[in-house]
Amino acid sequence: MFKRIFSKQNRALLSELVRTDFKLRYQGSVLGYAWSLLRPLLLFVILYIVFVKVIKSGGGIPHFPTYLLLGIVIWNFFLEMTTQSLGSIVGRGDLIRKIRIPRWIIVFSSSISALINLGLNLIVVLLFMIWSGVDLQTTALLLPLILIEVYIFALGLSLFLSAAFVKFRDISYIWEVILQAGFYLTPILYSLSIVPNETFRKILLLNPMAQAIQDARYATITHDNLVITTSRAFDGGLYAFVPFVVVGVVLVGGLLYFKSQANSFAENI
Amino acid sequence: MADEVAISVNHVGKTFRLPHERQSSIKSVLINSFRGGKRTFERQQVLKDITFNIKKGEFFGIVGRNGSGKSTLLKMLANIYTPTEGNIQVEGKLTPFIELGVGFSPELTGRENVFLNGALLGFNHKEMEAMYDDIVEFAEIDRFMDQKLKNYSSGMQVRLAFSIAIRAQSDILVLDEVLAVGDAIFQKKCYDYFKTLKKNKQTVVFVSHDTGALQEYCDKGIVVENGSIVYEGPIDRVVNTYLDILNETEERHDEQTARPETDSSKDDIKNRWGTGEIKINKVYVGKEGGDEARSFKDEDSQIVIRVQFEAVSSVERPVYGITITDVSGQIIFQSNTLWCEYKTKDIIPGEVVNIEWIIPNAFNTGTLHISPAAADSVGSVIYEWLENAATFKVRKRQKSHGHINTTHKLNVTYEHDN
């Protein structure tokens, strides 16, 4: 089955769709592709000034600027991938109504565009790490695994959202609100130590995004005790596996829903 | 090999659910479910119990009126829609051309679009590179390949799309009226491509209204009417059945709505122009012997067109004429009293002149428009021109291309120089 999914033709189509996406993104701008690096860089500078110099929300965490940036980069990837995928099926309606291509390729290609951006952003983070003198931990080798987890979580959601959006156009507004709430419920801009209620803190850490971002920070930037990860909060208990179960359920649920809807996309768009 | 089935369609039906109020927001779903949980929608059966087979190497035609369900059928063959009932089995790879240039993006250059469109048709980058030069040459737009598609004329876009499309190597091609695009020279290329397909015994499913093209290329076909197959068989019979259906519906329509005599005074003034010394009152179309008619078959040897002119001011020896055009506006026939060397009388205000043209029914199948006119004695000042004042239709069973279709004889002799 895997061989059929990644047949020569499907790979060619995928690469062409991703290429087109990328070409069209900076269409008409003078700096063109340079914006893919310049944009995150400039955003980081603003966040650095606001949160490190003005608000000082670090709470004593070592290398807080890079800590902050890594969190934002991972969250932005999640946000970009889900929002782009959400409208991808409807946006490619002309293709779906007139040609037979595997529907999942459309969602997959927008996820790859998001992955490329993640890669570029991580380069910027790496530059920041070197510049601010972070000792790269050996546990940084775990980072790809953590990113794969985020990707799978986002993919499950993307499949569900893109299929549901065909029938219910409200989904895009609802998802926007959920993302906004999620952004503040996930310890991205603040340190978890400022959350006084321990139960509440634990609940926050059951969210796969919180778990992944905290683990990524722990793995790459610092093992300092102030970095509260899910497994630290639950002391290695069974609850620490809840985020992984959530990711698995979301992926399977998303796949099944997408598959059940895929055949009627052409009629419903 | 010859009798192997390429596509087999078994008792296929398709029903669309058309909600009365479009349920595209969660709120409306919630509100409606509170109102007793009934979601009102209409079931529209577009196709019912369709069964036919297409053999390998066949050039198969599907014909039907607009709204007969043939496009839905085509989309199900292409696996874009799934049948509500029955099943469709396709042997081998099927490439549909519901529309040319699917996925073309106006912001990309011609070259980039070629690769994108190629990928959608199932080619990889390397294969596309190999045939890129051929595509550009065939489309005749060499100089424009690095310009954005939005700067192309629509003809250029279509030519580019067609040039990519014909590279598609597939077991079965499905073509939906992608012909009749581009200028005459390019159209000839397209027809040549069709001939090549036929020669190479390529399996093709071809949907068209163009009965001429259907008869020229297809071997077999079906006629779809109101969601069912009304005829399946050799293409000549298919085309005749289709033309009969068209005729019947038109006659029914004519009986209900139009009277053969047109009272031109009520007509829209938009299609009327001239200096106004003479006005046209009535245009009559009929058969020989006086029957008013709008539709003529092989048996009807003459077409009678009678026009009533009325003088508004005094005019010396005016010229009266008619022009018959086809649907595209091309002149098929033109006649007037001057060319017929008929000396007309001077007329005074209120005087009415009836002129009858009796024309042999030499026209080919199609819809024809009559535009009567009156002009001064040398035909240079138009007093009145009534554009498309009346319409009539011709249906010929005799197969023919072109504007003229009359009964003719054929003499064949063979010579040997020995």
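## Helices 8 and 9 of chain A

A:Leu161, A:Ala164 and A:Phe165 of helix 8 of chain A meet A:Ile171, A:Ser172 and A:Trp175 of helix 9 of chain A. By class, this contact has 5 nonpolar residues, 1 polar residue and no charged ones. The model is predicted.

Two packed helices are described by the angle between their axes and the distance between the axes. Here helix 8 spans residues 143-167 and helix 9 spans residues 171-185. Their axes come within 9 Å. They cross at roughly 140 degrees.

## Chain A as a whole

Chain A has 14 helices and 0 strands. Its radius of gyration is 20 Å, and the globule rule gives 18 Å for 269 residues, so chain A is as compact as a globular protein of that length. Along the principal axes, the C-alpha atoms of chain A fill a box of roughly 60 × 50 × 35 Å.

Buried residues account for 37% of the 269 residues in chain A. Contacts in chain A between residues at least 6 apart in sequence can be sorted by separation: 79% of them join residues at least 24 apart.

## Where the chains meet

Chain B brings 26 residues into contact with 23 residues of chain A. On the side of chain B that touches chain A, helix 3 (residues 110-120) of chain B gives the most, with 5 residues. That side of chain B divides into 14 nonpolar, 9 polar and 3 charged residues.

## Nonpolar cores

The largest nonpolar core has 125 residues. Those with the most contacts inside this core come from both chains: A:Ile74, A:Phe78 and A:Val150, together with B:Val174, B:Val205 and B:Phe206. Leaving out residues up to four places away in sequence, B:Val205 touches B:Ile54, B:Phe60, B:Ile62, B:Leu77, B:Ile172 and B:Val174.

Another core lies apart from the largest one. This other core has 27 residues, among them B:Val315, B:Val319, B:Phe363 and B:Ala389.

## Domains of chain B

The domain assignment splits chain B into domain 1 (56-250) and domain 2 (261-394). The C-alpha centres of domain 1 and domain 2 of chain B lie 41 Å apart.

## Three residues of chain B

B:Lys126 sits in helix 4 (residues 125-139) of chain B. B:Lys126 has 9 other C-beta atoms within 10 Å, so this residue is exposed; the cut-off for exposed is 12 or fewer. B:Phe115 is 11 residues away along the chain, and the C-alpha atoms of B:Lys126 and B:Phe115 are separated by 9.7 Å.

Most residues other than glycine have a negative phi. B:Glu140 has a positive phi of about 60 degrees, although it is not a glycine. B:Glu140 lies in the loop between helix 4 and helix 5 (154-165) of chain B. With 16 other C-beta atoms within 10 Å, B:Glu140 is partly exposed. B:Glu341 has a positive phi too, near 55 degrees, and is a residue other than glycine. The loop that holds B:Glu341 runs between strand 16 (331-336) and strand 17 (352-360) of chain B. B:Glu341 is exposed because just 6 other C-beta atoms lie within 10 Å.

Definitions and conventions. Residues numbered from 1 in each chain as written. Chains lettered and ligands numbered in written order. Predicted model: local features only at pLDDT ≥ 70, side-chain atom pairs only at ≥ 80, totals over all residues. Helix = DSSP H or I, 4+ residues; strand = E, 2+ residues; numbered from the N terminus. Rg over C-alpha atoms; globule rule 2.2 N^0.38 Å. Buried ≥ 20, exposed ≤ 12 C-beta atoms within 10 Å, placed from the backbone. Contact = placed C-beta atoms within 7 Å. Nonpolar A, V, L, I, M, F, W, Y, C, P; charged D, E, K, R; others polar. Core = buried A, V, L, I, M, F, W, Y, C linked by C-beta atoms within 7 Å. Domains from an automatic or database assignment. Axes fitted to C-alpha atoms, helices over the stretch in contact; angles between N-to-C directions.
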